[in-house]
Amino acid sequence: MSNSREFLTCLEILRKSSEFLARKGVPSPKCDSEWIVSSVLQKKRMDLYLQPDDILKEGDLVQIREMVVRRGKREPLQHILGNVNFTGLIMKCDHRALVPRPETETLIEHILGRIPKSFDGKILDLGTGSGAILFALCSSLVSASGIGIDKSEKALSLAMENLQLHDLKDRVVLRQLDWFSDEVEGEKVDLIVSNPPYLILEEWEQAEPEVKVHDPKEALVSNEAGFSDIRHVIQVSGNILSPGGLLAIEFGVSHANSVKEALDRDFKDVELLKDLSRRTRFAVARKA
């Protein structure tokens, strides 16, 4: 984008930004432009069209251009904005952990539809990343407590910032642990949730730059055709879930049959559930 001084209205900068991002191959150029402009102007996206002829301040234009150029280089929009809305919670996000995905919000809905609002048990999030899943559950279940586990020190530092942001320090603890080399110990828990790595290397290599370049590879790729971490999560859950406790897990679209087979050994009431695109992506089961 040009850096020469211009007098541009809100509609003009939206149009120029959208055209620039479209040329760069960004999947949703108009929507991303609206998010960037609304963030800089501190307005709701729809409000950008209420006063379309207002001339933007030079400082705002400079900031918008810088952010649009970053997006044109395929940096994730959420990294540029610094946060993402996940189930109504504003979560800080950057390169230290996966960007919380909209499809994972469906997993939260499935869980909350199967446990009472009065749930006062202990939740364990295996591979907590930014903490989005655990914090969303603990924010909805105000009597619950939570433990977030991750092997990445960087991810846990981001999760700690989000923990402080949402004032859940009295009910949630974070621990560094690699479930392949460290034993997940402690008292029984009542709900386990996990969005573990499940891509194969070829899938990661073919991913969009937003994922391949900016998301941590170790949070995405797993061995055994993407099933290694899923298998381990199910094994760990079978050992530490209380009888009748709930396991909820996200997995790749090719893993449904393998997940069902693994769960049938130690779990009952196994459900395979679909995301908003009607792809089988989640499993919910109770410890036998």
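## A walk through the helices and the sheet

Start by selecting helix α2 (residues 29–41) together with α3 (58–72): the two pack at an angle of about 145 degrees, and their axes are 10 Å apart. Before going further, keep in mind that this is a predicted model. Look along the pair and you'll see α2 passing α3 in a right-handed crossing. To light up the contact, pick D32, I36, V37, S39, V40 and L41 on the α2 side, then D60, Q63, I64, M67, V68 and R71 on the α3 side. Colour that contact by class and you get 7 nonpolar, 2 polar and 3 charged residues.

Keep α3 on screen and add helix α1 (residues 10–23). Here the axes come within 10 Å and cross at roughly 20 degrees. Angles under 35 degrees count as roughly parallel, so α1 is roughly parallel to α3. This crossing is right-handed too, with α1 passing α3. Which residues should you show as sticks? From α1 take I13, S17, F20 and L21; from α3 take L61, I64, V68, V69, R71 and G72. The class count for α1 with α3 is 7 nonpolar, 2 polar and 1 charged.

Now step off the end of α3. K73 is in the loop between α3 and α4 (77–81). Is K73 buried or exposed? Its relative accessibility is 65%, so K73 counts as exposed. While you're here, put a distance label from K73 to E210: they are 137 residues apart in sequence, but the C-alpha to C-alpha distance is 9.1 Å.

Next stop: helix α5 (residues 102–112) and helix α6 (residues 132–140). Their axes come within 11 Å and cross at roughly 35 degrees. The crossing of α5 past α6 is right-handed. Select T104, I108, I111 and L112 in α5, and you'll find them meeting I133, A136, L137 and S140 in α6. What is that contact made of by class? There are 6 nonpolar residues, 2 polar ones and no charged ones.

Stay with α5 and switch to a surface view. Buried residues of this helix are T104, T106, L107, I108, H110 and I111. What covers them? The cover includes β1 (83–86), α6, β6 (189–194), β7 (241–250), β8 (267–274) and β9 (280–287). Hide the surface and show the strands again: α5 lies across β6, β7, β8 and β9, and runs at about 160 degrees to β7.

Before leaving α6, click on C138, which is found in that helix. Its relative accessibility is 0%, so C138 counts as buried. Which residues touch C138 once neighbours within four places in sequence are set aside? They are I123, S145, G146, L168, R171 and V172. For V172, the C-alpha atom is 8.2 Å from that of C138, with the two positions 34 residues apart along the chain.

V172 brings you to the sheet, as β5 covers 172–176. Show the strands in order: 7 of them form an open sheet, β5-β4-β3-β6-β7-β9-β8, with mixed pairing. Where are the edges? They are β5 and β8, each of which pairs on one side only. Direction ignored, neighbouring strands are turned by 15 degrees against each other on average.

Zoom in on the β8 end. β8 and β9 pair in the antiparallel sense over 6 bridges. To find one of the bridges, select E271 and look for its partner in β9, V284. Then follow the loop between β8 and β9 to R278. Phi of R278 is near 65 degrees, a positive value in a residue other than glycine. Most residues other than glycine have a negative phi. R278 is exposed, with a relative accessible area of 60%.

Finally, swing over to the β5 end. Here α7 (153–165) lies across β4 (145–150) and β5, running at about 170 degrees to β5. In the loop between α7 and β5 you'll find D167. Like the previous stop, D167 is one for your Ramachandran plot: its phi is positive, about 55 degrees, although it is not a glycine. Is D167 buried or exposed? At 61% relative accessibility, D167 counts as exposed.

Key: Residues are numbered from 1 along each chain as its sequence is written. This is a predicted model: local features need pLDDT of at least 70, side-chain atom pairs count only at pLDDT 80 or more; totals for chains, interfaces and linings use all residues. Side-chain values use heavy atoms; hydrogens and water are left out. Axes are lines fitted to C-alpha atoms, for helices over the stretch in contact, and angles run from 0 to 180 degrees between N-to-C directions. Helices (H or I, at least four residues) and strands (E, at least two) are DSSP runs, numbered from the N terminus. A crossing is left-handed if the near helix is turned anticlockwise from the far one by less than a right angle, and right-handed if clockwise. Contact means heavy atoms within 4.5 Å. Ala, Val, Leu, Ile, Met, Phe, Trp, Tyr, Cys and Pro count as nonpolar, Asp, Glu, Lys and Arg as charged, and the others, Gly among them, as polar. Buried means under 20% relative accessible area, exposed over 50%, partly exposed in between (1.4 Å probe, protein chains only). Angles under 35 degrees count as roughly parallel, over 145 as roughly antiparallel, 65 to 115 as roughly perpendicular and the rest as oblique. Two strands pair if DSSP finds at least two bridges between them.
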